[in-house]
Amino acid sequence: MQIKAPRGTYDILADDSYKWQYIEKVMKEVAEIFGYNEIRTPLFEHTELFERGVGESTDIVTKEMYTFHDKAERSLTLRPEGTASCARALIEHSLYNGVLPVKWYYTGPMFRYDRPQTGRYRQFHQFGIEAFGSNSPHLDAEVILVLVEILLRLGLKNYELHLNSVGCPECRENYRRHLIEHITPVKDKLCEDCQLRYTQNPLRVLDCKNESCHKAIEGYPTLYDNLCDECRNHYTKVQETLKDSGVAFIHDDNLVRGLDYYTNTAFEIHIPGIGAQSAVGGGGRYNGLVKDCGGPDLPGIGFALGIERLLLAIDTLGKKDFKAANIDVVVITMSDKYEDLAIQVLNHLRRHNIRSEKDYTGRSPRAQMKYANKLGARVVVLIGDEEVENGCLTIRNMQNKEQIQVENQELISNINNIL
Ligand code: HAM
């Protein structure tokens, strides 16, 4: 039986990998301009980290984690996201004692066991940033600006930035009570998931994708109306800073995010036209996370972008600039007795940064020429009896079909003249 990639995973083949490299380059460049440096954490962590960090009642922890036991019976989990790992690394290396804020970016695969569909995979990729050690609303705005700058540089101007404040634990507890009071009389009208959410974390009911749930709770009290003075002022300052920076946003009372660690600012970026999974990125503050993971009481904020969804959005722009790197030169031998010489010529070309290739399958000279065409070579170097006798090489310009003989030492300059 043919073995295929597991459901919800896929291969990134050569032409596409150039798109990925391009996007990753833009994201890294922007993050570095804003003073973020790269962190690389393991692909798996102790399961407890995500249970404590992401939250035991979240969909991610209850349904979506790839958890396994290793040979020593430790419970490990393939990371479903990057924030908890960053908090763990910050604590493990006592970086909270150093220069604050600590500003990191990361990129790589994440794993969630969910029903695959367009824009939703079991192994997907995120680019994220995290900043630990400051509660300044200016930092909230900075993090959002990084996200917006990335989108703009990728040509994605049609994004929608949704913003809310989920408050601190105190205002959220207060709000929770009000919300439960409002939902209790209509709770039987909620979907199965929301009936469960309602008891564990009623805020998640606001996040439900089912219209019927939204209808059932119509007129519900908003988080915004229940924010304490400090949280409200913080949120106002974030909004003002974004406005001053020319960033448009939509205040969204329904935005609560699906991970438990959020406090205060929460945001999501949507791009219309990429299907049901339109959230290309999301993030927010998580002022209790470092403490929950066993560290000091240190605030933090960040976001993650889903690279697959960004690619879907970029595809809607209709640009087709991405292609695997072409081979520029193919070395062709008229007889296999010149194969060793071809290797020497190839070494010489490659040392001079010329993308070059030869045949390794015993093709005839004619078939080697066809192969050069298939690879998109702009020049071929021919080695035959005449060349060897005269101690030179023949260069053929594949565009105008002109051929010249050149001395070995003039090979590179002549090829560079054509390329
Ligand atoms: P998240 O909203 O769970 O947040 O994920 C961020 C982004 O990852 C989503 O907006 C989406 O584009 C992408 N994504 C999530 N799940 C999938 C999937 N199954 N397939 C494809 N793409 C997916 C977080 O992960 C937080 N750690 C973000 C954050 C960083 N908050 C603070 N700092």
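The C-alpha centres of domain 1 and domain 2 lie 50 Å apart. Domain 1 comprises 14-168 + 228-315 of the protein chain, and domain 2 spans 329-418; these bounds come from an automatic or database domain assignment. The model is predicted: local features need pLDDT of at least 70, side-chain atom pairs count only at pLDDT 80 or more, and totals for chains, interfaces and linings use all residues. Residues are numbered from 1 along each chain as its sequence is written, and side-chain values use heavy atoms, with hydrogens and water left out.

Attention now turns to the ligand. It is surrounded by 25 residues, a residue being counted if one of its heavy atoms lies within 4 Å. The closest are Glu 81, Thr 83, Glu 130, Arg 257 and Tyr 262. By class, the shell holds ten nonpolar, nine polar and six charged residues; Ala, Val, Leu, Ile, Met, Phe, Trp, Tyr, Cys and Pro count as nonpolar, Asp, Glu, Lys and Arg as charged, and the others, Gly among them, as polar.

Strands (DSSP runs of E, at least two residues, numbered from the N terminus) contribute to this shell. At least two residues each come from β6 (123-132), β10 (279-285) and β11 (300-306), and β10 gives the largest share, six residues.

Polar contacts are pairs of N or O atoms within 3.5 Å. A polar side-chain atom of Arg 112 is 2.9 Å from a ligand oxygen atom. Backbone N or O atoms also approach oxygen atoms of the ligand, at 2.9 Å for Ala 279 and at 3.3 Å for Gly 281. Of the 660 Å² of accessible area that the ligand has on its own, the protein covers 95%, as computed by the Shrake-Rupley method with a 1.4 Å probe.

Terms used: A polar contact is a pair of N or O atoms within 3.5 Å; within protein, one must be able to donate a hydrogen and the other to accept it, and residues adjacent in sequence count only if both atoms are side-chain atoms. Helices (H or I, at least four residues) and strands (E, at least two) are DSSP runs, numbered from the N terminus.
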